[in-house]
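Student: Could you take me through this model and tell me what stands behind each label?
Tutor: Gladly, let's look at it together.

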Amino acid sequence: MSNLLIRRPQQSDLRALTAIYNHYVETTAITFDLEPKTPEQRQGWLEGFAPTGRHQCFVAEMDGEAIGWASTGKFREKAAYDSTVETSIYLKPGLSGQGIGRRLFETLFAALASEDVHSAIGVITLPNAPSVKLHEAFGFALAGTLRESGRKFGRLWDIGMYQKVF
Ligand SMILES: CC(C)(COP(=O)(O)OP(=O)(O)OC[C@H]1O[C@@H](n2cnc3c(N)ncnc32)[C@H](O)[C@@H]1OP(=O)(O)O)[C@@H](O)C(=O)NCCC(=O)NCCS
């Protein structure tokens, strides 16, 4: 895909990335946020990334448009968890199954290889075959399933805790 660029995020991406996120907030249980976010509410999320360190983000750009991202962030607040990160990856709807997720994860994990990250966790609302396949392709394995852990759209959802140990 020659018109695909994987690069660091920039402020001007925030609107497009928020719109992508809100699609999944409003129409799926992939995220357990229940209400859409404004770009202003997502500003702190964008500012939480740096070009080095444990919490990094890469954006997929196609024809000048930000069409997705992959990132790592805090898994849990308490300090001993710091070398464990939680992954996040979202593509604009309609663009899955073309290898873009794979390109994003390749770049993200290559960047993290020199950082003090010992473990990455993907928290996947089940079922989500594309996400499970992508995570497994990058060495994540199912550590356990938390049953009925989120209530959205009037039903309870299981989450798969997928872990990659570096
Ligand atoms: C999950 C997501 C990031 C995967 O990215 P992607 O670009 O679709 O994935 P790729 O094309 O790189 O393919 C990765 C693997 O998933 C598989 N896959 C892709 N779409 C699939 C589908 N609809 N059903 C089953 N497997 C699928 C591919 O076959 C590939 O496996 P392979 O390399 O062994 O063939 C993307 O589909 C997405 O944004 N989904 C909506 C948001 C989401 O679910 N985010 C993850 C939250 S945990």
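Tutor: Helices (H or I, at least four residues) and strands (E, at least two) are DSSP runs, numbered from the N terminus. By that count, residues 4–162 are 26% helix and 35% strand, and the C-alpha atoms at the two ends of this stretch are 27 Å apart. The model is predicted, with pLDDT of at least 70 needed for local features and 80 or more for side-chain atom pairs, while totals for chains, interfaces and linings use all residues. Numbering starts from 1 along each chain as its sequence is written, and side-chain values use heavy atoms, without hydrogens and water.

Student: What does UniProt list for residues 4–162?
Tutor: The unreviewed UniProt entry lists "domain: N-acetyltransferase" there. Such annotations may be inferred rather than shown by experiment.

Student: What makes a residue part of the shell around the ligand, and how many residues surround the ligand?
Tutor: A residue counts as near if one of its heavy atoms lies within 4 Å of the molecule. In this model 20 residues surround the ligand, and the closest are Ile89, Gly97, Gly99, Gly101 and Arg102.

Student: Which elements supply at least two residues of that shell?
Tutor: Those are β4 (84–91), α3 (100–112), β5 (119–125) and α4 (129–137). The largest share, five residues, comes from α4.

Student: Why is the pair between Arg102 and the ligand called a polar contact?
Tutor: A polar side-chain atom of Arg102 lies 2.5 Å from a ligand oxygen, and a polar contact is a pair of N or O atoms within 3.5 Å, so the pair qualifies. Gly97 qualifies through its backbone, with an N or O atom 2.7 Å from a ligand oxygen. For Gly99, a polar backbone atom is 2.7 Å from an oxygen of the ligand.

Student: How do you know that the peptide bond from Leu126 to Pro127 is cis?
Tutor: Its omega is near 0°. Pro127 is placed in the loop between β5 and α4.

Student: What makes Glu148 worth a look in the backbone angles?
Tutor: Glu148 has a positive phi of about 50° although it is not a glycine. This residue lies in strand β6 (residues 141–152).

Note on methods
Polar contact = N/O pair within 3.5 Å; in protein donor to acceptor, adjacent residues only side chain to side chain.
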